[in-house]
Amino acid sequence: MWTTPARLRAKNIIGMNRRNIRYIGRYNNRRLYPLVDDKLKTKLLAQEYGITTPALIGTVTTQFGVKHIREMLVGHAGFVIKPAKGSGGKGILVIERVEGDRYIKPSGARLSLEDVERHVSNILSGLYSLGGSPDVALVEALINFDDSFAEYTYEGVPDIRVIVFKGYPVMAMMRLSTAASDGKANLHQGAVGVGIDIASGTAIRGVQFDRTRHDHPDTGHELASLHIPGWETLLMLAAGCYEMTGLGYLGTDMVLDRAHGPMLLELNARPGLAIQMANGEGLRSRLDLIERQPDGVSAEERVVFSQHHFARSSELRETA
Amino acid sequence: MSRLPFYLIVALLLVSGAAMSIHRHVQFEVPWTPGELRQVWEIEAQVNFTANGGPAKVNMALPSSQQGYRILTEHTASPGYGLAFLEEEGGRRAEWSTREAIGDQQLYYSVQALVAPEARNTQIEPPPLRRDILWESPYDTAASQVIDRAWARSADHFTFARELIHDFTDERQGENARLLLTQFDRTPLLVRLLNQAGVPAHEVSGLMLDHGRRRQNLMSWIQVFEDQQWALFDPRTGEQGRPDDLLLWESAGQAVLEVQGGTNSRINFSMLSRNQPAAAAVRSQLADDTLLNFSIHSLPLEDQALFQTILLIPIGALVVVLLRVLVGIKTSGTFMPVLIALAFIQTTLITGLVGFLMVVAVGLVIRNYLSYLNLLLVARVTAVIITVIAIISVFSVLSYRFGLNAGLTITFFPMIILSWTIERMSILWEEEGPKQVLIQGGGSLMTAVLAYLAMNNPWIRHITFNFLGVQLMLMGLILLLGNYTGYRLLELRRFKPVTED
């Protein structure tokens, strides 16, 4: 049931307190938080830096505007409504397709226009935002995710989380939604986390509910062959977020679009620690190594450095 | 970035806190433990009246040492007034006087009374019997019938008094008693009847001592004499005997407060019980208010009672910090558990837990309905606040009807915090399911219970109230905890699978 601090330290695991004080507190300037806490700002900033993001259909900023949401949605088959200042995936409503006046979620649940309007109204009231402050609702085009991942996911879009420390990609994982996670990609809700090798973009190890897995629980597809196309582009995108935001310890969430390749979904200034579970390895030695590197290195060099130093071989193949 | 200044500040806080505490311990003999202490009541009387503009004179009865209590020190605060303590027959009185007073006047008198079970009564001479009692018709017949009835059922003065008062209590009130009560106030009437029957008796005023009470009034009692002995009777119930927590304020049968040159005069009392070593209690008279004697005890009593609670909040907050930083427990709202724990102190633990669970459970059901109404957030939370108030009112009335007085204390719950808790839990339920609600709700409740246990511990209460230096040490400790980068206890479980292969 319990392990010892010495064993965790041997595995280089970092805990919440260390993450908060040593990395977030030291490398993330509070002043820069609004850039990542507000998804609308992130989006505009990303466009400025040439980082691809899902297309913006529109924003709703006033309760009055809620009534016009129907017109905004006309002509869009699928869309995602999310709070600009939401956290932990809260308040994200995914509509896969529209049938008449019914809005269909990936789970098959059918919502009426009133349901959608209530959701938007809740977002504006600040129900999902940090501290309950009034918020803005973003409506984005649904991502046409790469078919090569259809076997690895249930309902939701799989996303890739890369931890970027001082601009170096240090650890990555892919989050596969499952029936247990209700199509959401949050590990604590039951999504499968797959550790990804920084060097090659292939799967290292999979976990669900903190236990090792070799296949997807719903599709039954084995995880060992999981390979992310355009991996280096994705790493470059992630590394570029350091220059874009100035945040030293950053979680970047990416998705793979069929047409546009890797896209930045959102940034997180307080990325969780579950990535260590998915990789079966702690962050500490990698972060220590990066801390010893000089500043002012270009993104390309940083990606090459990370790919060289953080290469891992898959545990899935050995056991498979 | 040097951490040296940080550690210097922490060290300074710890050292100065410890030094202040040790100084208080050595210099003022405040003990480290609440044990082997004497209980001291600090009672403050506040006299209010509206002065007419001319000379004013205020005459107030003062308590004397008596059975169970010894008077230690007295203080008054009455700027602009001359003051004299008078010894009159049977009692001490304070007399304030001024040449010119206008508008609202406030006079303060505070007294320290040591609880001393060995203290004895001073001899009190029985008051002379009043022979000049005249009744108008038809009250004369009613009075003599009431006296005759009680006389027949009694053997001596005390039993007579008891029977007489019983005839005036609600259940046994006869027609005669009711008639008399229409014309006279209860206590003076009873004294009058006793005197007419040849029983020496007079009205005295006493204060029921209850820790932390404010704005209390005196209650009247009847003192009945038989030879050199006397006994107290409660004019409301007829019960004989003196309750342990009754301090007789005026025991000579005189008025408690007389004001000349003013109107609208009233007096009320606040009180606080404090544990002091007997030696210090006696010497407290000599202790000067120096800077080093920086202590809450120099404040007026009403504020002291408030401070006693305020000084406990850092303890509750420390429990929250420990549980979150060292253990990693999730709570709904960071310091919500401390506020709940404060409410538990008023309600006691079991009543508090039951009340909390009932309010939150009913609130969740009603909040569930509100979510169908599609309201704006602020309006919805306000609706929940009103609902919570309604639930608390209903529970209070119901529990009172069923004779559970403990249920009334439910009103101590912070209602706005409860409403936000319900709102958050409800959202959590919708988004993450009931399991997360149980985890976070349970975590909050467990934190609240632990904070309550810490804050309600007699030793901790004693230390925080008597040693202000402890607050500095708490501050230092919390700063250190804010610097802790090690693992949390629950992380040892969370990350265990990583260490397995």
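Tutor: Helices, of at least four residues, and strands, of at least two, are taken here as DSSP runs numbered from the N terminus. The model under discussion is a predicted one.

Student: How many helices and strands does chain A have?

Tutor: Chain A contains 12 helices and 14 strands.

Student: And what about chain B?

Tutor: In chain B there are 17 helices and 12 strands.

Student: What share of each chain is buried?

Tutor: In chain A, 46% of the 320 residues are buried. For chain B, 33% of its 501 residues count as buried.

Student: How much of the contact in each chain joins residues 24 or more positions apart?

Tutor: Taking contacts with a separation of 6 or more, such pairs make up 65% in chain A. The corresponding value for chain B is 77%.

Student: What is the pLDDT of chain A, and which elements have the lowest and highest means?

Tutor: The average pLDDT of chain A is 85, and 96% of its residues score at least 70. Among the elements of chain A, helix 12 (residues 315-319) has the lowest mean, 61, while strand 8 (residues 159-165) has the highest, 92.

Student: What comes after strand 8 of chain A?

Tutor: A loop leads from strand 8 to strand 9 (168-176) of chain A, and A:Lys166 lies in that loop.

Student: Is A:Lys166 buried or exposed, and why?

Tutor: A:Lys166 is buried, because 20 other C-beta atoms lie within 10 Å; the cut-off for a buried residue is 20 or more.

Student: Which residues does A:Lys166 touch?

Tutor: Leaving out residues up to four places away in sequence, A:Lys166 touches A:Tyr27, A:Tyr242, A:Gly248 and A:Ile290. A:Gly248 is 82 residues from A:Lys166 in sequence, yet their C-alpha atoms are 4.4 Å apart in space.

Student: Turning to the nonpolar cores, which residues of the largest one touch the most other members?

Tutor: The largest nonpolar core has 69 residues, and those touching the most other members are A:Val164, A:Val170, A:Val194, A:Ile196, A:Ala238 and A:Met254. Helix 8 (residues 231-245) of chain A gives the most to this core, with 9 residues.

Student: What is A:Val194 in contact with?

Tutor: Setting aside neighbours within four places in sequence, A:Val194 is in contact with A:Met173, A:Met174, A:Leu176, A:Ala203, A:Gly206, A:Leu223, A:Leu226 and A:Ala278. Another core, of 60 residues, lies apart from the largest one and includes B:Val40, B:Ala56, B:Ala61 and B:Ala150.

Student: Now the contact between the chains: how many residues does each supply?

Tutor: Chain A supplies 29 residues and chain B supplies 24. On the side of chain A that touches chain B, at least two residues come from each of helix 1 (5-10), helix 2 (16-27), helix 7 (113-125), strand 12 (211-213) and helix 9 (274-279). Helix 2 of chain A gives the most, with 5 residues.

Student: What is the character of the residues on that side of chain A?

Tutor: They divide into 9 nonpolar, 12 polar and 8 charged.

Student: Back to strands. What is the order of the open sheet in chain A?

Tutor: The order is 4-5-6, with 3 strands in antiparallel pairing. Strand 4 (97-99) and strand 6 (110-111) of chain A each have a single partner strand, so one side of each is left without a neighbour in the sheet. Strand 4 is joined to strand 5 (residues 102-104) of chain A by 3 bridges, and A:Val98 has A:Tyr103 as its bridge partner.

Student: Which strands form a hairpin in chain B?

Tutor: Strand 8 and strand 9 of chain B do, with 2 residues between them; B:Asp227 in the turn has a positive phi of about 55°. Strand 8 (residues 219-226) and strand 9 (residues 229-233) of chain B are antiparallel over 5 bridges, and B:Glu226 stands opposite B:Gln229.

Student: Where does UniProt list "transmembrane region" in chain B?

Tutor: The unreviewed UniProt entry lists residues 305-327, 339-366, 372-395, 402-422, 437-455 and 467-487 of chain B. In the model, residues 339-366 of chain B are 96% helix, with end C-alpha atoms 23 Å apart. Residues 437-455 of chain B are 100% helix, and their end C-alpha atoms are 26 Å apart.

Technical notes:
Residues are numbered from 1 along each chain as its sequence is written. Chains are lettered from A and ligands numbered from 1 in the order in which they are written. This is a predicted model: local features need pLDDT of at least 70, side-chain atom pairs count only at pLDDT 80 or more; totals for chains, interfaces and linings use all residues. Two strands pair if DSSP finds at least two bridges between them. A residue is buried if 20 or more other C-beta atoms lie within 10 Å of its own, exposed if 12 or fewer, and partly exposed in between; C-beta atoms are placed from the backbone. Two residues are in contact if their C-beta atoms, placed from the backbone, lie within 7 Å. Ala, Val, Leu, Ile, Met, Phe, Trp, Tyr, Cys and Pro count as nonpolar, Asp, Glu, Lys and Arg as charged, and the others, Gly among them, as polar. UniProt positions are given in the numbering used here, feature names are shortened, and annotations may be inferred rather than shown by experiment. pLDDT is the predictor's confidence in each residue, from 0 to 100. A nonpolar core is a set of buried Ala, Val, Leu, Ile, Met, Phe, Trp, Tyr and Cys residues joined through C-beta atoms within 7 Å.
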